[in-house]
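Here is a friendly walk through one structure, written with the bench in mind. Keep the viewer open as you read.

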Amino acid sequence: MFIVTGASGKLGGLVVDALLHLVSADLIGVSVRDPEKLAGLASRGVRVRRGDYDDAKSLRHAWEGARRVLLVSSNAGASGGDPLKQHETAIAVARELNVERLFYTSQVSSSAQSAFPPGRDHAATEAMLAASGLAWTALRHGFYADSAVGMNARGFRSGTLAGPEDGKVAWTTHEDLAEVDALLLAGRQTFDGATPLLTGSEALDFTDLARMASQVTGRTITRQVISEDIMMENAQGAGLPTSVQEIMLGYYRAALAEEFATVDPTLERVLGRKPRPMRDVLARELR
Ligand SMILES: NC(=O)c1ccc[n+]([C@@H]2O[C@H](COP(=O)([O-])OP(=O)(O)OC[C@H]3O[C@@H](n4cnc5c(N)ncnc54)[C@H](OP(=O)(O)O)[C@@H]3O)[C@@H](O)[C@H]2O)c1
C-alpha cells in the first residue's frame, strides 16, 4: 500500500488527490490524527486510519501493509513541540514494518548550519533517515508560495510589506510539489536520498512581491525595510509565540544568506511542464 500522512493538511491532501490519478484507491491508505475529517476520502475507497506521530501504536495500525510511505514533516516546531521526536517515532515504525521506501517532506534549507530553525530540523531528520537502514527519499521542497502570502497577509492589506532585509526565494506551490511527490511515491521516477531542490522557476524577494502584488491588485503596495529589533518588538506586541518569532527571524536571516534562492529545473522536468508562477498565486490570493 501507499501510505500518505498529513492527508488532512494542505500538502498531504493534494498528494492524495494526485495519487488517485496514478494508482487505484484501494492501494492508498491515509494516516491522520482525526479520521472523521476525511470521511469523503473513505467513501472514495481510500483506507483512512488514525495515525499520530506521538503514538507509535497508532502508526503501526495506520501503516499496516505499507510498501511506500510519505511522512509529511510535523509542524510541531511552530507551537514549541518537538518534531524530531515525532519523526524518530515514525522512522522507527517504518523500520519495524520493513517499508520498501520512506519519503519525507524536507525543504531547500535543510542544513545543520541553517539560520532557519526548520532547516536544522530537516537536516537532523535526513540524518536519522540515512542512519535508519531504510531506502529513503527526502523531498527537498521549495519554500511554499502560500507562506509568502501568509507572512505578508497584513502588509498586502495595508499596502506596506514591512520586515528586515530579505533575499530572493524560489517560491513553489503546494500543487506542484504535491504532484511531484505523488509521482515519486508511485515510483514513476526514483531519487535515492535527498532529491535535487524541487523549486519554482523564479526567485523573488519581498520587493519583487510588492511590485507584482501592485500589478495584480491595481493598488500601490510597497516594501519597507525595518530592523530585526523593530520586527521582534512588533511580533511580541502582536502576542506571537516565541517559537513563531524565532522562525520569522530565522526566515529573514536565511533569505538574506540566499538559503532559499536557488532555482532548480528538476521540478519542471519531473512535472513535464512549467511550475505555476508566483504571479498566478498572488492573483488568486489577493484579488
Ligand atoms: N516547504 C515549505 O516552505 C514549508 C512551509 C511551511 C511548512 N512546511 C512543512 O510542510 C508540512 C506540510 O505543510 P502543509 O501546508 O500541508 O501544512 P498543514 O496544512 O498545516 O498540514 C500539517 C499536517 O500535519 C499533520 N500533523 C500535525 N501533527 C501531527 C501529528 N502529531 N501526527 C500526525 N499528523 C500530524 C496535521 O494533522 P491535523 O489535521 O491532525 O492537524 C496536518 O495534516 C508542515 O507540517 C511543515 O512541516 C514546509
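## Strand 1 and its neighbours

Let's begin inside the sheet: in strand 2, Val 30 is the bridge partner of Val 4. Please keep in mind that this is a predicted model. The pairing of strand 1 with strand 2 (residues 28-32) is parallel and runs over four bridges. Helix 1 belongs to this arrangement too, as strand 1, helix 1 and strand 2 form a right-handed β-α-β unit.

Strand 1 also pairs with strand 4 (residues 68-71), again in parallel, through three bridges. There, the residue opposite Phe 2 is Arg 68 of strand 4. Strand 1 itself covers residues 2-5, with Phe 2 and Val 4 pointing one way and Ile 3 and Thr 5 the other, and all of them are buried.

## The sheet as a whole

If you step back, you will find an open sheet of seven strands with parallel pairing, in the order 3-2-1-4-5-6-8. Strand 3 (47-50) and strand 8 (193-194) are its edge strands, each pairing on one side only.

## Strands 7 and 9

Another pairing to look for is the one between strand 7 (residues 160-163) and strand 9 (residues 222-225), which run parallel and are joined by four bridges. Thr 160 of strand 7 faces Thr 222 in strand 9.

The side chains of strand 7 alternate along its length. Leu 161 and Gly 163 point to one face and are buried, whereas Thr 160 and Ala 162 point to the other face and are not buried.

## The nonpolar core

Which residues touch the most other members of the largest nonpolar core? They are Val 4, Val 15, Val 30, Val 69 and Leu 102, out of 73 residues in that core. Two of these names are familiar, since Val 4 and Val 30 are the bridge partners met above.

Leu 102 is a good residue to click on. Apart from neighbours within four places in sequence, Leu 102 is in contact with Val 69, Leu 71, Ile 91, Ala 94, Leu 129, Leu 134 and Trp 136.

## Around the ligand

There are 25 residues around the ligand, and those that come nearest are Ser 8, Gly 9, Leu 11, Arg 33 and Asn 75. Two elements give two or more residues to this shell, namely helix 1 (10-19) and strand 5 (101-107). Helix 1 provides the largest share, three residues. Sorted by class, the shell holds 13 polar, seven nonpolar and five charged residues.

## Ser 74 and Asn 75

Now for two residues in one loop. Ser 74 lies in the loop between strand 4 and helix 4 (83-96), and Asn 75 is found in the loop between strand 4 and helix 4 as well. Is Ser 74 buried or exposed? Ser 74 counts as buried because 23 C-beta neighbours lie inside 10 Å. Asn 75, by contrast, counts as exposed because its C-beta neighbours inside 10 Å number 12.

Each of these residues can be placed against a residue elsewhere in the chain. Ser 74 and Thr 5 are 69 residues apart in sequence, and their C-alpha atoms are 9.9 Å apart in space. For Asn 75 and Pro 118, 43 residues apart along the chain, the C-alpha separation is 9.1 Å. Leaving out neighbours within four places in sequence, the contacts of Ser 74 are Tyr 53, Pro 83, Gln 86 and His 87.

## Two positive phi angles

Two loop residues deserve a look at their backbone. Asn 98 is not a glycine, yet its phi is positive, near 55°. Asn 98 sits in the loop between helix 4 and strand 5, and counts as exposed because it has 9 C-beta neighbours inside 10 Å.

Glu 258 likewise has a positive phi, about 65°, although it is not a glycine. Look for Glu 258 in the loop between helix 11 (242-256) and helix 12 (266-271). Why does Glu 258 count as exposed? The reason is that 12 other C-beta atoms lie within 10 Å, and a residue is exposed if that number is 12 or fewer.

Technical notes. Residues numbered from 1 in each chain as written. Predicted model: local features only at pLDDT ≥ 70, side-chain atom pairs only at ≥ 80, totals over all residues. Near = placed C-beta within 6 Å. Nonpolar A, V, L, I, M, F, W, Y, C, P; charged D, E, K, R; others polar. Buried ≥ 20, exposed ≤ 12 C-beta atoms within 10 Å, placed from the backbone. Pairing = 2+ DSSP bridges. Right-handed = clockwise from strand over helix to strand, strands pointing away. Contact = placed C-beta atoms within 7 Å. Core = buried A, V, L, I, M, F, W, Y, C linked by C-beta atoms within 7 Å.
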